[in-house]
Structures are given as structure tokens and as C-alpha cells.
Amino acid sequence: MILVTGASGQLASAILDHISRTDTQAVGATRNVDHSRESMRAMDFDAPETLSFTGVDTLVLVSAGAAEDDVVIRRHDNAIAAAERDGVQHIVYTSLAGAGDHLGFALAHRWTERRLEAGTVPWTILRNGLYAELVGQLLTPRDGVITAPLGDGGVAAIARQDLAEAAAVIARAPEQHRGRTYNLVGATAITGQDMARRTGAEYRPGTLADLRSDLDAAKLLPFQPSMILSIHSAASHGFLDGTDTDITAILGRRPVDPLEIAVAVAQSQN
Ligand SMILES: NC(=O)c1ccc[n+]([C@@H]2O[C@H](COP(=O)([O-])OP(=O)(O)OC[C@H]3O[C@@H](n4cnc5c(N)ncnc54)[C@H](OP(=O)(O)O)[C@@H]3O)[C@@H](O)[C@H]2O)c1
């Protein structure tokens, strides 16, 4: 049996949808159990006593939200330790693209990769690129102007649906992917200029300092501004535009055009 964690989240629910279209059995685990669905287990990585993977062959460990590094690391450690204890045969972990090392949330992903490599359960690591949906949000025009400070930099973003399908493909045949790390980014990079052209907006990228002021004013959670700033800094300095990807080989088709997804998201915000 396959179990997918974080089942009420957007990525995990899409993975479960993909698996449910096949003849493979899968259940979800979530903090937010819908009791009308028998195939859901109640689990919270912050509460180790809730973690039970009995009967699970393949665990799809979806990274557990954005939080401070120590919180995310403890969550993932709790989940992996429970999987080891309960005899899980294979863990598929949704990590962060190789080019993402400079991002403010990279460390918890790389720690988790090391934890899997040092652990006792065979694994596959999916180094997921930034979502095209997220890039669309960041590059949404306001009053006809896109101000995100990406300079001329691009982001090899990828549709969340493609990442979900890739995870489902691998979870259904994990033996073929044992010990493999896949880089799952988009086959093209999205720039601010692309988004301006497609949305009819002007691209007037501000500075990181401008963005920091806006984020301060937005009163986000304490760890969020540094994460968002790191995406812009990495993209504008050319760290996120690499399109060397394993997605086509895994899906057996080219990925969905990330620019189409990003434009649709941007247009839906206005
Ligand atoms: N590649 C990207 O651009 C990008 C962007 C944002 C986030 N991410 C990462 O990718 C993951 C999945 O993305 P998404 O779009 O599905 O995010 P999402 O819709 O915001 O969902 C958040 C996910 O975190 C899980 N989670 C949070 N706290 C948890 C806890 N204490 N124990 C277990 N699970 C916990 C949630 O599980 P529940 O079902 O229990 O709520 C849910 O699956 C995120 O959690 C984050 O680590 C990637």
C-alpha cells in the first residue's frame, strides 16, 4: 500500500488523485481528517504519537509546510523514524530543486535528504522546482505594473500537477527508482519580461530593499520575508533558470508550459 502524507495540501491531494486513477491502492495522512473518507489517517508530524505507518509499503513523504528550519527538520525526522520503526519499504521524498541551494528554505530539505541517505529505508528523492503557480503569484501585475525584483533572471518553474504526476508514477514502481535523486524543474524559464508581455503589464523590477519594505508592511510570519526575498535574489542573480530536468523522462511527455500556468494564476488574482 502507498501512503501519501500532507493529504489536505495541494501537492499531496493531487498525488492521491493521480494514484486513484490507477488500480494501485493508496491512502492519505493529514492533520485535517475528513471522517467521510475512509482512506484518510490522522497524523501530525509535530505529534510523534500520532504517526503510524503499519501496513505501508511505500511512503510518499510530502515536505511538511513552511516554518523555521528546526521545526521542519523535527517534523521530517519524526516521520522518517516512524517509517523505519513500522517497516516501510520505500520513502519517496518531495525535496527542493538542486538549483535551490541558495533559497531560505533549502537547508531543511537538504537535511532531510541526508537523513534518508543515512537511514534504513530505501528512498527516492524528488528535487522539485518552484511551482509555476507560485511564480505567477510573485509576478502578478498590480495596477498594470510588475515590480518583483527578478531583473533579467528567470525561474525554471514547473506546474504542481506535473510534480504530482511524477510522484505518483514513482510511488507506483519505487523499486525502479531506488536510491535515485531526480531534478524536476521546468523545461523553460519564466522571466518578468515574459509575464509582462503575456499579461499586457509593464515590467519595472524594483530592488530587494523595495520588496523587503513591502513584506515588512504586509506583516507576514517572521520566517516568511527571508524566504520570499531569497527567491527573488536567487532568480535575479541567475541561480534558478537552469532547465536541466528529469521530468520529461519520468512523465513520458514534455511538462505543461509553466508560463501558461503562471499567466493564468496572475490573471485570476486581478
Ligand atoms: N516548490 C514550491 O514552489 C513550493 C512552494 C510552497 C511549498 N512547497 C513545499 O511543498 C510542500 C507541498 O506543497 P503544497 O503546495 O501542497 O503546500 P500546501 O498546500 O500549503 O500544504 C502544506 C502541506 O504541509 C503539510 N504540513 C504542514 N504541517 C504539517 C505537520 N505538522 N505534519 C504533517 N504535515 C504538515 C500539510 O499537511 P496537512 O494535510 O496535515 O495539512 C500540507 O501537505 C509544502 O508543504 C512545502 O514544504 C513547495
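Q: What makes a residue count as near a molecule?
A: A residue is near when one of its heavy atoms lies within 4 Å of the molecule. This model is predicted. Around its ligand there are 22 residues. Ser8, Thr30, Arg31, Ser63 and Gly65 come nearest.

Q: What classes make up the shell around the ligand?
A: The shell holds 8 nonpolar, 9 polar and 5 charged residues. Gly counts as polar in this scheme, so Gly65, one of the residues that come nearest, falls in the polar class.

Q: Why is the pair formed by Ala7 and the ligand called a polar contact?
A: A polar contact is a pair of N or O atoms within 3.5 Å. A polar backbone atom of Ala7 is 3.4 Å from an oxygen atom of the ligand. That value is within the cut-off, so the pair qualifies.

Q: How do you know that Leu11 makes a polar contact with the ligand?
A: A backbone N or O atom of Leu11 lies 2.7 Å from an oxygen atom of the ligand. The limit is 3.5 Å, so this pair counts too.

Q: What makes Phe45 a polar partner of the ligand?
A: Here the ligand supplies a nitrogen atom. A polar backbone atom of Phe45 is 3.0 Å from that nitrogen. Within 3.5 Å is the rule, so Phe45 passes. As for cover, the ligand taken alone exposes 860 Å², and the protein buries 82% of that.

Q: Why is the ligand said to sit in the largest pocket?
A: A molecule sits in a pocket if more than half of its atoms lie within 2 Å of the pocket's grid points. The ligand is assigned to the largest pocket, so it meets that test.

Q: What makes up the largest pocket, and how much space lies in it?
A: About 1400 Å³ of space lies there. The lining has 47 residues, with Ser63, Ala64, Gly65, Ala66 and Tyr131 nearest the centre. By class they are 23 nonpolar, 17 polar and 7 charged. Several elements each supply at least two lining residues, among them helix H1 (10–20), strand S2 (26–30) and helix H2 (69–85).

Q: What is known of the second largest pocket?
A: Its volume is about 280 Å³. Of its 17 lining residues, Leu138, Thr147, Ala148, Leu211 and Asp214 are closest to the centre. H4, helix H7 (208–218) and H8 give two or more residues each. H7 gives the most, with 4 residues. The lining divides into 8 nonpolar, 6 polar and 3 charged.

Q: Why is a space called a cavity rather than a pocket, and how many cavities of 30 Å³ or more are there?
A: In a cavity a 1.4 Å probe fits but cannot get out, whereas a pocket is open. The count comes to 1 cavity. The largest cavity has a volume of about 90 Å³, so it clears the 30 Å³ cut-off. Its 13 lining residues include Ala97, Gly129 and Leu130. They divide into 9 nonpolar, 3 polar and 1 charged.

Definitions and conventions:
Residues numbered from 1 in each chain as written. Predicted model: local features only at pLDDT ≥ 70, side-chain atom pairs only at ≥ 80, totals over all residues. Heavy atoms only, no water. Polar contact = N/O pair within 3.5 Å; in protein donor to acceptor, adjacent residues only side chain to side chain. Areas by Shrake-Rupley, 256 points an atom, 1.4 Å probe, with all protein chains shown as cover. 1 Å grid on protein atoms, 1.4 Å probe; cavity = no way out; pocket = protein on both sides within 12 Å on 5 of 7 lines; lining within 4 Å.
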